[in-house]
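Got the viewer open? Load the model, colour by chain, and follow along one selection at a time.

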Amino acid sequence: MVELERQDNYIDDINRELYDIRDEFSYSYKADKGLTPEIIREISGKKNEPKWMLDFRLKSLQIYNELDVPPWSPDISDLDIDNIVTYVKPKTDMKISWDDIPDEIKDTFVRLGIPQAEHESLAGVGAQYDSEVVYHSVRQYLLDQGVIYTDMESAVRDYGDIIKKHFMTCVPPRDHKFAALHGAVWSGGSFVYVPKGVKVDIPLQSYFRSNAPGAGQFEHTLIIVDEGAFLHFIEGCSAPKYSVNNLHAGCVELFVREGARLRYSTIENWSKNMYNLNTKRCIVEKNGSIEWISGSFGSRVSMLYPMSVLKGEGASSEFTGVTFAGNGQYLDTGAKVIHGAPYTTSTINAKSIAKDGGVAVYRGIVKIAPRAHHTKSTISCDSLMMDNNSRSDTIPVLDIRNDEVDIGHEAKIGRISDEAIFYLMTRGLSESDARAMIVRGFVEPIAKELPLEYAVEMNNLIRLELEGSIG
Amino acid sequence: MIKLNELNTLPVPTFRWLRVNELAIDDEIDFEARPYGKDFLQMAPQGELIQRQMPYNGLTDRPIMKDLMDSAGFGVSEDLVGFADTFHNSGMYIEIPRGIKVTEPIMVGYKPDSDNPTVIDNNLIIAHEHSEVTIVMDIASSANASAVHNGVTRVVAKEGAMVTVIKIQRMNDSSFHFDSNLALVGSGARVDYIVAELGSKKAAVNYTCRLSEGAQSHINTIYLGNGDRHLDLSFLMEHQGRRSTSSIEARGALRDMASKTFKGTIDFKKGADKSEGSESEHVLLFDRTVKSISVPLLLCSEDDVKGQHAISSGKVDQDKLFYLMSRGFSRGEAMVLLAEASFSDVIDKIYPKSLEDLIRAEISGRLLHGN
Amino acid sequence: MERALLSVEDLHVAIGEKLILKGMNLRIDKGEVHVIMGPNGAGKSTLAHILMGNPRYTLVRGNMAFEGQNINSLKTDERARLGMFLSFQYPEEISGITLENFLRSSKGSITGKNPSVLSFYKGLKEKMSGLGMGEEYAKRNLNEGFSGGEKKKSEILQMLVLEPKLAILDETDSGLDIDAVRIVASGIREYMDGEHSAIIITHHRAILDYVKPDFVHILLNGRIIESGGAELIEIIENKGFDHLRESAKSGV
């Protein structure tokens, strides 16, 4: 097994110096009515976990009870925080039948052209997954290169030392209330380790793994890309995910070692009843690079701001994101970059579309530490308003603590220009085709970063979303 | 007791750990409401306008006061605005009748000293339909005085009126400066601000402009940070009416341990269709120890609008600095030249020209000394 | 009399409250090249845009017919499908859509069937090289970051690919250097094969050294004040529009 150094110290340093997190929260101690240590023990016991993990969960529960919901967050009052156990307790007796799946989701499966066979498993109905076979063959191929790709529960058992050293060090439970909740009740997810110098030449897709009941709600993803290695990981799938439980508080922790490169793509399309309060973060060592590709389409409320901590000299981060907020949706998304070392670079390219009363918010931070000289950062935010019932806000912060920097930030907001539509119509396109073409062009920077089948599905999704208003 | 922990609150809050949602000041500041015994009205044009030095008792009879009292929610903080409304020791009440164009600027100047260390000014400027006026307010402080300034200026520009307010702040490094500004810009009216924030130990200023149909407002500002001073600048353009236009343009320079937070917001409210707003900030960073925080917000509830902002920050071009030094300028002199070059567009807008010299002197004074 | 390709009768057009075209008549037959000249603000671009149905312009009175069909209330894309084309004075930039993909969907829309990728690309490449455009332009976003000259070449390329019956060229030659004018003009000449018709709106004569007009119309203050042959160009060149303005007045 490859030597994995102890992480705690530098994570502590980063927390202290960069996030300044320790006194961030006003503690409003409130013992939760629903979520008790007994329930946590029950969850842990069912998974047959080592004691350290049980202790970790219990400590996270305590932190969860201490922290408040951030005051700047979108309205999540419909989420019964005081009775969080509703969302958390494993429902072993829960049986979802195909008939319970909302029609809009079934429709979308059909319109996206997803094979009938996959409908049920995507919807979380089937216990077994048809792609299991695919998954196993992928697994063997990777094993041959020394890559570890397994589910988190197995990883805690089989690779206990590595997991213990890394688990929630990148995103500590103290980060915010839902990170703490995650630490207490996490379940499912993936663990990937790519050894030094290994370049995984096919994208790994969490899509291929079987979904245990209840998983996919508090799933934990932990990826380590060792020195000089490369990985493209694709999370989720563009078909809508349906769950009767409407809270998703997942956590993604990525470790990119010296000279390594990780590309992490997500097309997120939760069903429209979902509160998606997800935390994603990557620590990048010297000359390493992280590339985030992020498409947010679904959910009722999303709060998602993938963070890159550029810890080593020459580290880089690239974020490309599209958010599409339709009727009844409040999607608060963005990116965070902490430049913690010299000669680091970052790019943020965020696009959003708001229509039919949807709210799209870009929220971000680029922070440049005093020692991070010769830093370069380029931020660009573009918002498209499809009508005047919708709302679109851009809330970026630039925090610069030294002078050897080159920072450029641009943002634009507006609607599709009438002149652009007229121009395309003179070339024979109908008005709705012209609009769709402009919107597709708007999200092209994301689409071109995705594997073909995902790009096609994303275009289909946009077409479906636009049909609603344009007819 | 005036609370100083929630100043210049961001129009919409964001992540708490960034500490940009509000400014907290922990310095001991003497807010005693003592009189200001010096003259402050320096040049008053003759003609058909009403000018009264504050406190002025006739104000409450004016029907306009109701509009103003209803316009809450502006300023550095509610406490500071309330304090100036109640305990002001100076200020101007100016009313320009309909159609009158006042060609000469009205000039107000304060120079607090150890006998008169406190300036609490309350200004109200009402420009009736199609009138025009320029008001210049300059505040400096005597070298050895620890002065406190807390001001409130309200501008009401009625239909088609044009008001220009020039504010220059060059207080010394042991003084504190708070300034709250509100402009109600009527339909087709225009209110422009030219703001030079050059001095004081800590400064927190707030400009809120509410734009009706066809209204315009433009803010041009320069700021300078040196030593361990802190500047907190907040500008808010609220587009309420359709076809309204706004711009916020900031040019800054920071050196030593100086820090600055710039919050600029363009808010397109429902009904503000066909409006346009733009915002830009360019900061020159002279030293590794500076802190520069920018929070440029775009808030939008209308689709047929155009909003944009652009921010750039960077180290002063070392080649330029070197070039100037090779021509015999000291590093400080070279910094002055580069800062003035960056500020020149704004400085050019300032008049009378005598003020330009005062501003250049302040910039030289603050950039020449030290390393 | 044979059916006209385009006929315009008593055309009155406004932008907002302002009347720009004040009673214009025009007839264009198959294979003809018409040049419309006139000073700034005469209404030349207004004519181009109203013919294509730009919603910013209001048709106050009059009729427009294409191949005998009244097009007053047709949408812009419907007019394009009939075979009308406008080369814009200021072409729009569209992000995220490559010139090639755009033209392929456009061609598909107009002809009603999608052209095959390979043969389409081959034809496109040939036309591009004829206009001195590098192949890489096919993969670039539509007009995005193109120089003024490149945008005009892109417009002419679109005309050659879409093969309209009537091309309206709005100041296609303005802002171009001599070489670019020559290239753009040779593109137009390639298209003018006796089958196709064109309205060339210009106030320079350079392009007319390459493309020979059948008719020249002088547009002034919203009306055509004089029509004739190529000889009118010489008169404008020597005496300017003011001369015509004077004679138009005295004529009234």
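Start by selecting C:H12, which is partly exposed because 17 other C-beta atoms lie within 10 Å of its own, between the cut-offs of 12 or fewer for exposed and 20 or more for buried. Keep in mind as you go that this is a predicted model.

Now show the strand around C:H12: this is β1 of chain C, residues 6-15. Next, bring up what C:H12 touches beyond its neighbours within four places in sequence: C:L19, C:L21, C:K22 and C:G23, plus C:V60, C:R61 and C:G62. For a long jump, pick C:N238, 226 residues away from C:H12 along the chain; their C-alpha atoms are 31 Å apart.

Stay with chain C, but turn to its contacts with chain A. Here 23 residues of chain C meet 18 residues of chain A. On the chain C side, select α2 (76-82), α3 (99-111) and α5 (148-162), the elements that each give two or more residues. Colour that side by class and you get ten nonpolar, eight polar and five charged residues.

Then move over to where chain B meets chain A, with 39 residues of chain B in contact with 40 of chain A. On the chain B side, β17 (291-300) and β18 (306-315) each supply at least two residues. By class, this side of chain B splits into 19 nonpolar, ten polar and ten charged.

Last stop: select β20 of chain A (residues 405-414) together with β18(B). The two strands pair in the antiparallel sense over nine bridges. Which residue of β18(B) is the bridge partner of A:K412? Click on B:Q308, and you have found the partner of A:K412.

Notes
Residues numbered from 1 in each chain as written. Chains lettered and ligands numbered in written order. Predicted model: local features only at pLDDT ≥ 70, side-chain atom pairs only at ≥ 80, totals over all residues. Helix = DSSP H or I, 4+ residues; strand = E, 2+ residues; numbered from the N terminus. Contact = placed C-beta atoms within 7 Å. Nonpolar A, V, L, I, M, F, W, Y, C, P; charged D, E, K, R; others polar. Pairing = 2+ DSSP bridges.
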